[in-house]
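Open the model in your viewer and keep the sequence panel visible. The stops below each begin with something to select.

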Amino acid sequence: MSETDLRFNLLVSWLAQYFGQEVCISLICGDASFRRYFRLTVNKVDYIVADSPISLVPVAPFVSVAKAYQQAGLLVPQIIHVCNEHGFVLQTDVGQAQLLSVITPANVSNYYQQALDLLVPISQVTTITNVTGQQSLLPEYDSAFVERELAIFTQWLIGEHLQYEMTAAETTMLTTCFQLLVDNVEQQPKVGMHRDFHSRNLLINHDDPQQVRLAVIDFQDAVIGPVTYDAVSLLRDCYIRWPENLINPLIKYHYALAIKHQLMTADISFAQYLQWFDLMGLQRHLKAAGIFARLKLRDGKPGYMADIPLTLQYVIDIAKRYQNLTPLGEWVEKVVLPLVQQRNRLSKELTQ
């Protein structure tokens, strides 16, 4: 029996013991970590259960942040029952459709404004309470954190996936540009940060007949970090790209929102905010491209490889707007992206 089958049987037995009856669970999906999610219905009530191998994905942060977000007024899964030994978490089902599956050019502005509004209560969550009642600050998204994330791009996309050996000049250029991105994080006001706030982690909730609400999931990696991070994660999504004429007003909407709710001081100009936003997005897309390569090579999840070109195109487009980042944009455009596209074509041909 495989480890996966063993965990599945343990999970079903754990649920049967809790509910006092046999249950039937169906796999919804795995995610970009080692977690798996299942849906079940018991006595006409829908539930979600997460399977998180405890040595790989601790459940305590998810449980603690869920409680903090709920107290802040956010619609999140309610934690019903937890198995700390094996890493099972039974929770309420807050929605079956991802925001990504319902947004269109006609409704994206309204949905994204609603999502940006959620960043206000998210920004206020900077402490969590553990099972013993002790309070602690969320981890800090600091310079060392950013450097570790940027190293994922160099190691996994450039080195492991593309097998590309950078010249001394390319290495120097990348080091210089990376330092600009690290400095960009340090310059920004710090707030509570979801760290994976995008259209796949927002669910459509119809519990209130008067209005459609957005539920927030996948928040276990919450930190204290730069004010623009979650907004750029949503508006420059790794999985879907919208025209600038739709996104630019939403960037201004978040800027005004951050000023209004004192997440930034009123003397910060929109030009300054936009530079923070642009460079934050560029850093995030570099990291994402590296993670997508790592998911394939380390974790056996090749499905994210198709998303790498979009993340790199963001890097190209944004870097060209800033003179000191132009060399990065040109290198990604002329060297990295063509190599990625070539690899993707070869991989597709091999699987046909």
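Select helices α4 and α5: α4 passes α5 in a right-handed crossing. The model is a predicted one, and every stop on this tour refers to that prediction. Helix α4 covers residues 143-161. The two helices pack at an angle of about 145°, and their axes are 9 Å apart.

Now show side chains along this pair. On the α4 side, pick S143, V146, E147, L150, F153 and T154. They meet L174, F178, L181, V182, V185 and E186 in α5. Colour the contact of α4 with α5 by class, and eight nonpolar, two polar and two charged residues appear.

Before leaving this pair, go to the loop between α4 and α5 and select Q163. Is Q163 buried or exposed? Its relative accessible area is 55%, so Q163 counts as exposed. Look at the backbone here as well: Q163 is not a glycine, yet its phi is positive, at about 55°. Most residues other than glycine have a negative phi.

Keep α5 (residues 168-187) on screen and add helix α8, residues 270-297. At what angle do the axes of α5 and α8 cross? They cross at roughly 125° and come within 9 Å. The two helices are therefore oblique to each other. In this case α5 passes α8 in a left-handed crossing.

For the side chains of this contact, select F178, L180, L181, N184, V185 and Q187 in α5. Their counterparts in α8 are Q275, W276, L279, M280, L282, Q283 and L286. The residues of the contact of α5 with α8 comprise nine nonpolar and four polar ones, with no charged residue. F178, L181 and V185 of α5 deserve a second look: they are listed in the contact with α8 and also in the one with α4.

Move next to the loop between β2 (36-42) and β3 (45-51), and select N43. This residue is exposed, with a relative accessible area of 62%. N43 is another residue other than glycine with a positive phi, near 55°.

From there, find the loop between α2 (60-71) and β4 (79-83), where L75 sits. L75 has 17% relative accessibility and so counts as buried. Which residues does L75 touch, apart from those up to four places away in sequence? Show N205, R213, L214, A215 and V216. Draw a distance from the C-alpha of L75 to that of L214: it is 7.1 Å, although 139 residues separate the two in sequence.

Then select I316 in helix α9, which spans residues 308-319. I316 is buried, with a relative accessible area of 1%. Setting aside neighbours within four places in sequence, I316 is in contact with G329, V332, E333 and L337. For a longer line across the view, join the C-alpha atoms of I316 and E165: they are 20 Å apart in space and 151 residues apart in sequence.

The last stop is the cysteines. Start with C83, which counts as buried at 10% relative accessibility. Continue to C238, which is also buried, with a relative accessible area of 4%. How many disulfides does the structure hold? The count is zero.

Terms used. Residues numbered from 1 in each chain as written. Predicted model: local features only at pLDDT ≥ 70, side-chain atom pairs only at ≥ 80, totals over all residues. Heavy atoms only, no water. Axes fitted to C-alpha atoms, helices over the stretch in contact; angles between N-to-C directions. Helix = DSSP H or I, 4+ residues; strand = E, 2+ residues; numbered from the N terminus. Parallel < 35°, antiparallel > 145°, perpendicular 65-115°, else oblique. Left-handed = near helix turned anticlockwise from the far one by under 90°. Contact = heavy atoms within 4.5 Å. Nonpolar A, V, L, I, M, F, W, Y, C, P; charged D, E, K, R; others polar. Disulfide = S-S within 2.5 Å. Buried < 20%, exposed > 50% of the residue type's maximum accessible area, 1.4 Å probe, protein only.
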